[in-house]
Amino acid sequence: INAESQRIAEQQRIAEQQRIAEQQRIAEQQRMAEQQRIAEQQRIAEQQRIAEQQRTMEQRRLAKEEKRRRKLENKQRKRFEREQKTRQEEQMRRDREVAEKQERDRKEYQKQLKASLAALKVRFMKLL
């Protein structure tokens, strides 16, 4: 009976050790699965952080490019307006010079016409 109870106690001890070992194996599997899940979450979070950083950098680059483009457009527009104003002023100066010359020519012609008329009057009076 003693040997039998020792054998049963040994079987129970072995069964308990196996049960504990199985619990430890399951706990270790769960711990490793949790570590993998956390590592995966960290990897995804890092990828998202890098993607957001790249988006931000791209937005900044695009904003700088847009600012540079607008600045260039404004510079070109102002240059064009300045050149156009210069051309208009030059044309107005030429038009004014032409008008002044025409006025001088007209006055000179009138003076010559009056002189010719006066000379004709004198010759006509001499004829009478």
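1. A residue is called exposed when its relative accessible area is over 50%, buried when that area is under 20%, and partly exposed in between. L127 has a relative accessible area of 72%, and therefore belongs to the exposed group. The model discussed here is predicted, and the points below describe the protein chain from its overall form to its individual contacts.

2. The secondary structure of the protein chain consists of one helix and zero strands. That helix, α1, covers residues 2-127. K75 is one of the residues within helix α1, and L127 is found in helix α1 as well.

3. The overall dimensions deserve attention. The C-alpha trace spans about 185 × 15 × 5 Å along its principal axes. The radius of gyration of the protein chain is 55 Å, whereas a compact globule of 128 residues would have a value near 14 Å. A single pair of residues illustrates the spacing along the chain: K75 and Q35 are 40 residues apart in sequence, and their C-alpha atoms are separated by 59 Å.

4. How much of the protein chain counts as buried? The share is 0% of the 128 residues. The protein chain exposes about 12,600 Å², and carbon and sulfur atoms supply 56% of that area. K75 counts as exposed because its relative accessibility of 63% is over the 50% limit.

5. A nonpolar patch lies on the surface and involves the residue named at the outset. F124, M125, L127 and L128 make this patch, which has an area of about 550 Å². Within the patch, L127 is exposed at 72% relative accessible area.

6. Charged side chains are the next topic. The protein chain carries 36 positive and 23 negative side chains. The centres of these two sets lie 14 Å apart. The structure holds 22 salt bridges, and three of the pairs are described in the following points.

7. R49 and E46 are joined through their side chains by a salt bridge, with an N to O distance of 2.6 Å. Both residues lie in helix α1, three residues apart, which corresponds to about one turn of the helix. R49 has 43% relative accessibility and so counts as partly exposed; E46, at 35%, likewise counts as partly exposed.

8. A salt bridge also connects the side chains of R94 and E90, here with an N to O distance of 3.5 Å. R94 and E90 are four residues apart in helix α1, about one turn of the helix. Which exposure class applies to R94? At 35% relative accessibility, R94 counts as partly exposed. E90 counts as partly exposed too, with a relative accessibility of 31%.

9. E97 forms a salt bridge with R93, and the closest N and O atoms of this pair are 2.5 Å apart. Because E97 and R93 are four residues apart in helix α1, about one helical turn separates them. E97 is partly exposed, with a relative accessible area of 39%. R93 is also partly exposed, as its relative accessible area is 30%. Elsewhere in the chain, E66, R69, R70 and E73 are joined into one network by salt bridges that share partners.

10. In summary, the predicted model shows a protein chain with one helix and zero strands, of which 0% of the residues count as buried. The structure holds 22 salt bridges, and a nonpolar surface patch is made by F124, M125, L127 and L128.

How values were computed: Residues are numbered from 1 along each chain as its sequence is written. This is a predicted model: local features need pLDDT of at least 70, side-chain atom pairs count only at pLDDT 80 or more; totals for chains, interfaces and linings use all residues. Side-chain values use heavy atoms; hydrogens and water are left out. Helices (H or I, at least four residues) and strands (E, at least two) are DSSP runs, numbered from the N terminus. The radius of gyration is taken over C-alpha atoms; the globule rule is 2.2 Å times the number of residues to the power 0.38. Buried means under 20% relative accessible area, exposed over 50%, partly exposed in between (1.4 Å probe, protein chains only). Accessible areas come from the Shrake-Rupley method with a 1.4 Å probe; for residues, only the protein chains shown count as cover. Lys and Arg count as positive and Asp and Glu as negative; His and the chain ends are not counted. The place of a charge is taken as NZ of Lys, CZ of Arg, CG of Asp or CD of Glu. Patches are made of residues with over 30% relative accessible area and no salt bridge: like charges are joined within 9 Å, nonpolar side chains (Val, Leu, Ile, Met, Phe, Trp, Tyr) within 5 Å. A salt bridge is a side-chain nitrogen of Lys or Arg within 4 Å of a carboxyl oxygen of Asp or Glu.
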